[in-house]
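This briefing looks at a sheet, a single threonine and a pocket, in that order.

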Amino acid sequence: MRRSGNTRRSGRTFRTVAAGVACGAALAALTAVPAQAHEPERRAAHWEPKDSGTPEVRFRGLSAVSRNTAWLAGTEGTVLRTTDGGGSWRNVSPPGAGELQFRDVEAFDARRAVVLAIGEGEASRVYRTDDGGETWTESFRNTDARAFYDCMTFFDRRHGLAMSDPVDGRFRILSTSDGGRSWEVLPDDGMPAALEGEAGFAASGQCLVASGPRDVWLATGGAARARVLHSRDRGLTWTAADTPIPAGDPARGVFALTFRDRTHGLAVGGDYRPDQASPQAAARSHEAGHRWQPAATPPPAYRSGVAWLPHSRTAALAVGPTGTDLTTDGGRTWRTVDTGSYDTVDCTPDLGCWAAGEKGRVARLES
């Protein structure tokens, strides 16, 4: 969704190289080992908390635009925005939305964003702003009591999708071609039948993700098998693949996906109940999500959010209520690098990695 502006090749190449160098430094900081007595002390990269001023809100929606600009969406109809790296947050919540639960936000820049409220029937809504949250327009309100919308994603500034739990035995897909100003329900004849009890998890805004101009993936759980559905044509037709992440219970399955290109993806999840173990909470795919392999060393507990580190082919972060885990080998192995509670994570090309969660928690990755 984020695109760089038109630049001369020399400038673009310079920024790409600089970003790669910066990413290498950040990755080195993340994986830093304690210094020996004769070596200068090195501090590993870490989450630096930012005061959102909203300790009563849980933020499961997060859209990072840059290191300086990010949007949050959460309970009590709350939407926050920062443009100074988290030093201050402006409450830009839509008027009259206090009873809604915002679970996803997709921002195009500091002024334009789309937020999704979840819930049964008319509780599922979409709003858009073009002036940094000064005003909002409600662009969709669900009128089907059987539908429950969970997540949304955008391919670019115009084209996007939102997904609902199954209606009449199939996941329902909304489509927009004008940046979220209007929506239409896509035909479901290209959608595989849902399994009994299958649904999406509105846990981090990452149960529906896109990569490139047409590819999109949908994560499921709650049924006998946890699956990932893939569409190559912006949601018109889909194929389904099983994952090794355990399901078989309404609280288990794949909670979040991330793809660094149309081929390489990561899935995380488990069992969100704190008293239940999640022995296989991550999987990876090198085949566009058509086949999934379990992590050899998965995160130690349920994880609800995941993001590739920018300009890296092998490093990613996964977050959940009990901590943050890092992989440096493309999802084969994970190790815990922080024990703070976060529900969702997002990174930008300028190394602006952000995380958010319960009790108004929000942080930016610092080294």
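Two strands are taken to pair if DSSP finds at least two bridges between them. The model discussed here is predicted, and the points below are grouped by topic.

**The sheet**

- An open sheet is formed by four strands in the order β2-β3-β4-β5, and the pairing is antiparallel.
- Because β2 (59-64) and β5 (90-91) stand at the edges and each has a single partner strand, one side of each is left without a neighbour in the sheet.
- Strand β4, which covers residues 78-82, is joined to β5 by two bridges, and these strands run antiparallel.
- Within this pair, R81 stands opposite R90, a residue of β5.

**The surroundings of T129**

- T129 belongs to strand β8, which spans residues 125-129, and this threonine counts as buried because its relative accessibility is 0%, where the cut-off for buried is under 20%.
- The side chain of T129 makes a polar contact of 2.9 Å with the side chain of D131, and the T129 side chain also reaches the backbone nitrogen of G133 at 2.9 Å.
- Leaving aside residues up to four places away in sequence, T129 touches W71, R111, R112, A113, E134, T135 and W136.

**The second largest pocket**

- The second largest pocket holds about 370 Å³ of space and is lined by 20 residues, of which R103, F201, A202, F255 and Y272 lie nearest its centre.
- Sorted by class, the lining of the second largest pocket consists of eleven nonpolar, four polar and five charged residues.

How values were computed:
Residues numbered from 1 in each chain as written. Predicted model: local features only at pLDDT ≥ 70, side-chain atom pairs only at ≥ 80, totals over all residues. Heavy atoms only, no water. Buried < 20%, exposed > 50% of the residue type's maximum accessible area, 1.4 Å probe, protein only. Polar contact = N/O pair within 3.5 Å; in protein donor to acceptor, adjacent residues only side chain to side chain. Contact = heavy atoms within 4.5 Å. 1 Å grid on protein atoms, 1.4 Å probe; cavity = no way out; pocket = protein on both sides within 12 Å on 5 of 7 lines; lining within 4 Å. Points joined across faces, edges and corners; volume = space filled by probe spheres on them. Nonpolar A, V, L, I, M, F, W, Y, C, P; charged D, E, K, R; others polar.
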